[in-house]
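Morning, everyone. Please bring up the model on your screens. I'll start from a single residue and work outwards.

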Amino acid sequence: MNLDQFNADTRRGLDPAQPYPNIPSDETFEEEAREYIVAEDLEELAGVLIPSKFPNLFAGRARIKFCWKRTGGNDAGRNVLGRCQKIGGVTKIYSKDHFLIWLAADNCRAMKATRLQIEALLFHELCHAGVDEGQAFTVGHDYEGFCRELKEYGAWKIDLADMTRAAQQLVLPGLVEALIPPGAESLSIAAKIPGKKPREIVLKRPNKGSEQTH
């Protein structure tokens, strides 16, 4: 099944492989003399994603402000592409929103982000937002780990096993390429979870000449 059938831009008649056209330039931030710019384009995209992909946020009437941030900086040597922040404390005096989601304009420009990548990034940040009975909270990542860790020890804990199964079912941009050693076409990962039957997960290098399917 073609991955493009599921993304919001395709449903809106836009080409997901095109460079994202609405990332503000550095000059725009200078002209407005602001670090943050309200992102109507991201709010529109979220309006497509939330009802279909995040029923908890839709039903909970989560109030989210979307912005472009001039600079994202880096964390542990990696460029920060975005953040989902719960609004609280003194800031709550000035805003009735539950969350602020911002994407880093400089780092998104640097990676020459496509429409699909911006949608995936926005989806990622929305995954951090949670609302239950009117109470807002942030949600942590499903897994944390290193490519080297997987290569050395396999999927040795549940969250890594879940991640490798997901990667096996759907080719995630860059993930499989990062895991498979140069020159190899596949990588076998031993999933050895205590109390579970051992199994082998095989990741195959995607064929650039064919469609991505799952």
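**Starting point**

Trp-68 is buried, with a relative accessible area of 1%. Buried means under 20% relative accessible area, exposed over 50%, and partly exposed in between, using a 1.4 Å probe and protein chains only.

Ground rules next. This is a predicted model: local features need pLDDT of at least 70, side-chain atom pairs count only at pLDDT 80 or more, and totals for chains, interfaces and linings use all residues. Residues are numbered from 1 along each chain as its sequence is written, and side-chain values use heavy atoms, with hydrogens and water left out.

The whole protein, briefly. There are nine helices and ten strands. Those are DSSP runs, numbered from the N terminus: H or I over at least four residues for helices, E over at least two for strands. Of the 214 residues, 35% are buried. Now contacts, meaning heavy atoms within 4.5 Å. Take the contacts between residues at least 6 apart in sequence: 65% of them join residues at least 24 apart.

**The sheet**

Which order do the strands take? It is β1-β2-β6-β5, an open sheet of four strands with mixed pairing. The edge strands are β1, residues 36-38, and β5, residues 82-86; each pairs on one side only. From one strand to the next, the twist averages 30°. Two strands count as paired if DSSP finds at least two bridges between them.

Let's walk across. β1 and β2, residues 64-69, run antiparallel and share three bridges. Here Trp-68 of β2 is the bridge partner of Ile-37. Next, β2 and β6 run parallel, joined by six bridges. Trp-68 appears again, opposite Leu-103 in β6. Last, β5 and β6 pair in the antiparallel sense over five bridges. In that pairing, Cys-84 stands opposite Ile-101.

Two helices pack on these strands. Angles are taken between N-to-C directions, from 0 to 180 degrees, with axes fitted to C-alpha atoms, for helices over the stretch in contact. Helix α3, residues 40-53, lies across β1, β2 and β6, at about 135° to β2. Helix α6, residues 115-127, lies across β2, β5 and β6, at about 150° to β6.

**Strand β6**

How many residues of β6 are buried? Six of its six. Phe-99, Ile-101 and Leu-103 point one way. Leu-100, Trp-102 and Ala-104 point the other way. In a regular strand, side chains alternate between the two faces of the sheet.

Look at Leu-100, in β6. Its relative accessible area is 17%, so it counts as buried. Leaving out residues up to four places away in sequence, Leu-100 touches Tyr-36, Lys-65, Cys-67, Arg-83, Cys-84, Gln-85 and Ile-87. The C-alpha atoms of Leu-100 and Gln-85 are separated by 5.2 Å, though the two residues are 15 apart along the chain.

Trp-102 has a charged partner. The charged end of Lys-69 sits over the Trp-102 ring, 5.1 Å from its centre. The criterion is NZ of Lys or CZ of Arg within 6 Å of the ring centre and within 35 degrees of the ring normal.

**Aromatic pairs**

The whole structure holds two aromatic pairs. The first to show is Tyr-20 with Trp-68, tilted: 6.1 Å centre to centre and 45° between the planes. A pair needs ring centres of Phe, Tyr or Trp (its six-membered ring) within 6.5 Å; planes under 30 degrees apart are stacked, over 60 edge-to-face, and the rest tilted. Tyr-20 is in the loop between α1 (8-11) and α2 (26-32), and Trp-68 is 48 residues away in β2. Tyr-20 is buried too, at 9% relative accessibility.

Then Phe-54 with Phe-123, also tilted: 5.0 Å centre to centre, 50° between the planes. Phe-54 is in the loop between α3 and α4 (55-59), Phe-123 in helix α6, 69 residues apart. Phe-54 is buried at 6%, whereas Phe-123 is partly exposed at 34%.

**Cysteines**

How many disulfides does the structure hold? Zero. A disulfide would need two cysteine sulfur atoms within 2.5 Å. Why is Cys-127 not bonded? The closest cysteine sulfur, in Cys-84, is 9.8 Å from the sulfur of Cys-127, too far for a bond. Cys-127 is partly exposed, at 37% relative accessibility. Cys-108 is buried, at 0%.

That's the tour. Over to you.
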